Amino acid sequence: SNTRHPTAPPTMMNSHFAPVGENPSREQYEHGIQVIDEDKEFNQHLSTYLSIEKIIPAGFNYHLISVFGSQSTGKSTLLNYLFGTEFGVMSEQERRQTTKGIWMSKNKRVSAVKDANSMADNILVMDVEGTDGRERGEDQDFERKSALFALATSEVLIVNIWEHQVGLYQGANMGLLKTVFEVNLQLFIKDSKTIAKTLLFFVIRDHIGTTPMSNLRNTLLQDLSRIWSTLSKPKGLENSRIEDYFDFAFCALPHKILQPEKFEEEVEKLSHRFREGYNDPKKSGLLDEGSLPVFLPQYHRRIPADGFPVYAEGIWDQIVNNKDLDLPTQQELLAQFRCDEISREVLVAFDETITPLEDKQAEGVRLGQPTVLAGLGPAMNVARSTILKDFETNASRYHKGVYTRKRAELESKVDTRLKALFQKQLSAANKAGVEQFSSAVSAAVKSGQKKGNNYDFAHIVDSEKAKALAKFEEDAQAVLVQGASWSTYQADLTLYKKDLEEVSARLRKDEMRRLATRVERWVRSRLGESVGLEFNKLGTGRGGSGAPEHGDRPATEKDLWDRIWAVFTETVESAEGRFTDRARSFDASPDEVEVGLWRLRRKSWGVLRAKIDEEVMEGNILLKLRENFEDKFRYDESGVPRIWRPTDDIEGLYTKARESTVTIIPLLARFKLAATSAPPPLDAWIGSAPASTSSADEEDLAPIGGVDEDEGKSLEEEMTVLNDTKMQDLLVRFKKTADGVYVEAKRSAIGGMTQ
Ligand code: GDP
Ligand code: MG
């Protein structure tokens with residue numbers, strides 16, 4: 001198949017460089033390089049040679065000339081004079097073939113001063129084995145193959161003939177030209193547009209001068225037309241003209257042996273024609289003026305110099321294997337091969353910069369500490385623009401379509417890696433930013449707490465958030481990559497904002513807890529005072545309304561729970577107000593506030609309940625009962641202390657006072673309101689848990705009987721302050737205490753009498 005890849009053995013993978021281990025030198029290539037040897041093998045060191053001769057980096061700035069002609073017509077001699085080459089030349093004594101296969105050498109005649117007549121840069125000359133039947137027996141095969149090779153690569157074919165051969169239509173030269181035309185047509189079958197024109201430069205040797213140059217030229221042109229007309233042309237090219245494919249130029253040289261000085265003079269003149277010409281349509285066609293430049297742009301094969309070895313080898317491979325030469329396909333294959341090679345080469349520098357950064361990032365991720373890499377942005381920008389520029393410089397000379405595709409491939413390869421770096425950098429910036437934000441807010445709150453809790457939480461969050469966003473944008477800006485469409489951070493910024501919101505919400509929740517704790521503490525201290533005060537009132541047995549009547553409790557005793565409930569609900573209401581104001585100041589949501597208040601009411605109830613338990617603790621309550629009793633027993637209706645006399649009804653007073661105090665005990669035992677004789681509406685007052693309550697919100701809440709129904713404790717039980725046993729116990733102890741007081745009174749009455 002003719003679509004196979006140009007063959008490239010391993011040594012050519014780095015075609016810019018000489019094979020390792022050898023020490024190639026210019027001296028080694030003194031006579032140029034045998035590109036194709038007598039066994040039709042392609043030389044694997046062509047790229048080495050072109051490197052040594054500094055052709056490889058030349059791009060399109062090089063030229064290739066091949067020389068054709070019969071054996072021993074002075075071809076090598078001419079080239080050596082013209083280009084300072086050292087191709088092997090037959091000695092004048094032995095007459096045997098010297099040039100075998102195809103040799104190549106760089107022009108060694110370099111003008112010291114560049115002027116309009118200076119030879120072009122980087123001229124490569126191919127000296128093709130003589131094409132005489134005599135040289136290879138009847139083997140026309142090599143002739144065809146070398147002609148095809150020369151045509152596929154060379155801009156100019158020098159056809160070297162003796163003057164006396166001109167007009168000998170049956171001569172060996174004509175056979176050669178026929179071959180050249182045939183193989184040329186073969187090249188055009190695939191695509192006539194992409195194949196360059198070739199200049200056929202006839203150098204007529206041993207020109208005696210009797211026949212004018214113009215006659216010789218006309219004779220040759222007639223012969224060429226005749227040959228062209230006899231060719232069987234491929235389908236579609238039947239009407240093609242020879243001028244469609246070839247330009248012609250002619251030059252005559254004197255006899256080298258007989259007129260050596262004139263010969264050299266004319267060669268010198270001829271050398272001036274191997275200079276750059278410009279694409280002037282007037283100058284194409286017949287170049288017979290004898291001074292027009294040889295190298296016109298339309299002759300150039302457009303194979304970049306660094307791709308030439310691979311291309312030439314691919315061409316030769318196809319020719320040797322008798323495959324159809326398909327130059328456009330060859331050029332595409334070459335482009336693919338070279339573009340891949342150039343990609344690998346330019347990736348080396350890219351890797352040098354980028355791989356360590358990738359490793360550093362990966363290490364951070366592995367340790368769970370993604371880091372924001374300093375200098376990442378500039379490194380990425382330089383690496384990206386450098387690699388794309390380098391690729392463009394070297395690869396854009398190749399087939400446009402292939403180049404464009406390969407450039408896109410390289411760009412996407414590079415961008416995949418850069419994008420990963422970019423993304424990881426942004427997520428590191430995100431993580432670091434969120435952490436910094438969180439700790440900055442916490443630190444500000446802590447310092448605010450130290451200064452007396454008068455800090456503005458919302459302001460702290462807002463200002464830290466603004467700082468965090470600015471820092472993130474700064475980090476993101478610093479890693480933007482010029483010219484990369486993926487290099488935008490809007491989505492990341494949105495994500496970052498969302499993450500900050502989440503952290504803010506968490507911090508706000510913490511702040512809510514702190515606020516709740518503060519408010520609860522305030523409730524505890526207020527209730528401690530006011531509830532204590534209410535219980536202390538029990539110590540006095542004479543309420544506002546004169547003498548206590550049996551069954552008619554003083555207001556202080558009867559309304560105890562009403563007053564406690566009232567003071568409790570007022571206190572909590574005020575606490576709720578404080579809580580709500582403060583929570584709103586830092587943008588807590590209505591739901592959050594609602595949950596906070598619900599928790600506050602529950603916790604406050606717990607505080608109250610604990611305070612009540614403390615008040616009714618045995619020692620405390622017994623003391624108060626005793627005080628209450630003593631107040632009733634030892635003071636008369638007007639509050640004057642009694643001096644006991646034996647006539648007094650001590651026993652009656654005692655019984656009355658004791659019974660009155662005793663009735664306080666069942667009153668204390670249950671928290672109930674006087675009006676309804678029922679417990680306060682605690683469940684309704686607390687309310688059910690708001691819909692947005694989370695399990696975390698409920699975690700630290702003690703169950704409340706009658707409110708948390710599934711706790712299996714009723715409201716009655718929740719409101720039981722003293723159980724029967726305790727009541728009984730308290731009663732017994734109180735009576736003992738009262739008895740003691742009575743005995744003491746009795747004694748003092750008797751004592752008072754004896755005095
Ligand atoms: P090639 O086989 O075509 O490369 O021919 P060579 O360059 O090896 O030369 C073959 C012989 O022709 C050598 O002996 C040269 O000295 C001789 N020769 C070279 N140039 C000329 C020339 O211009 N005229 C004549 N008559 N002989 C030449
Ligand atoms: Mg030769």
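Hi everyone, this is a short walk through one predicted protein model, from the overall picture down to a few single residues.

A word on conventions before we look. Residues are numbered from 1 along each chain as its sequence is written, and chains are lettered from A and ligands numbered from 1 in the order in which they are written. Because the model is predicted, local features need pLDDT of at least 70 and side-chain atom pairs count only at pLDDT 80 or more, while totals for chains, interfaces and linings use all residues.

Let's begin with the whole protein. It has 22 helices and nine strands; these are DSSP runs numbered from the N terminus, H or I of at least four residues for helices and E of at least two for strands. How much of the protein is buried? Of its 755 residues, 35% are buried. Here a residue is buried if 20 or more other C-beta atoms lie within 10 Å of its own, exposed if 12 or fewer, and partly exposed in between, with C-beta atoms placed from the backbone. Now for contacts, meaning two residues whose C-beta atoms, again placed from the backbone, lie within 7 Å. Taking the contacts with a separation of 6 or more, 77% of them join residues 24 or more positions apart.

On to a single helix, α3, which runs over residues 141–153. From first C-alpha to last, its 13 residues reach 19 Å, close to the expected 18 Å; that expectation is 1.5 Å times one less than the number of residues. Which residues of α3 are buried? They are E143, S146, A147, L148, F149, A150, L151, A152 and T153.

Next, two helix pairs. For these, axes are lines fitted to C-alpha atoms over the stretch in contact, and angles run from 0 to 180 degrees between N-to-C directions.

The first pair is α7, residues 308–320, with α8, residues 327–366. Their axes come within 10 Å and cross at roughly 140°. That makes α7 oblique to α8, since under 35 degrees would be roughly parallel, over 145 roughly antiparallel, 65 to 115 roughly perpendicular, and the rest is oblique. The crossing of α7 over α8 is right-handed, which is to say that the near helix is turned clockwise from the far one by less than a right angle; anticlockwise would be left-handed. On the α7 side the contact uses V310, Y311, G314 and I315, and α8 brings Q330, L333, L334, F337 and R338. By class, that contact has six nonpolar residues, two polar and one charged. The classes are simple: Ala, Val, Leu, Ile, Met, Phe, Trp, Tyr, Cys and Pro are nonpolar, Asp, Glu, Lys and Arg are charged, and the others, Gly among them, are polar.

The second pair is α9, residues 376–395, and α10, residues 400–450. Their axes are 11 Å apart, at an angle of about 175°, so α9 and α10 are roughly antiparallel. From α9 we have L376, M380, R384, I387, L388, F391 and A395, and they meet Y403, K406, R407, L410, E411, V414, L418, L421 and Q425 of α10. This contact of α9 with α10 holds eleven nonpolar, one polar and four charged residues. As a reminder, an α-helix has 3.6 residues a turn, so residues three or four places apart point the same way.

Staying in α10, let's look at K424. Is K424 buried or exposed? It counts as buried, because 21 C-beta neighbours lie inside 10 Å. Beyond four places in sequence, K424 contacts Q361 and P370. K424 and P370 are 54 residues apart in sequence, yet their C-alpha atoms are 7.9 Å apart.

Two more residues bring us to a shared partner. A516 sits in helix α12, residues 490–537, and is partly exposed because it has 19 C-beta neighbours inside 10 Å. Setting aside sequence neighbours within four places, A516 contacts G596, R599 and L600. L701 is in the loop between α20 and α21, and with the same exclusion it touches R599 and R602. L701 is partly exposed too, with 15 other C-beta atoms within 10 Å.

Last, some backbone for the torsion fans. S72, in the loop between β2 and α2, has a positive phi of about 60° although it is not a glycine. N122, in the loop between β3 and β4, has a positive phi near 50°, and N122 is not a glycine either.

Thanks for listening!
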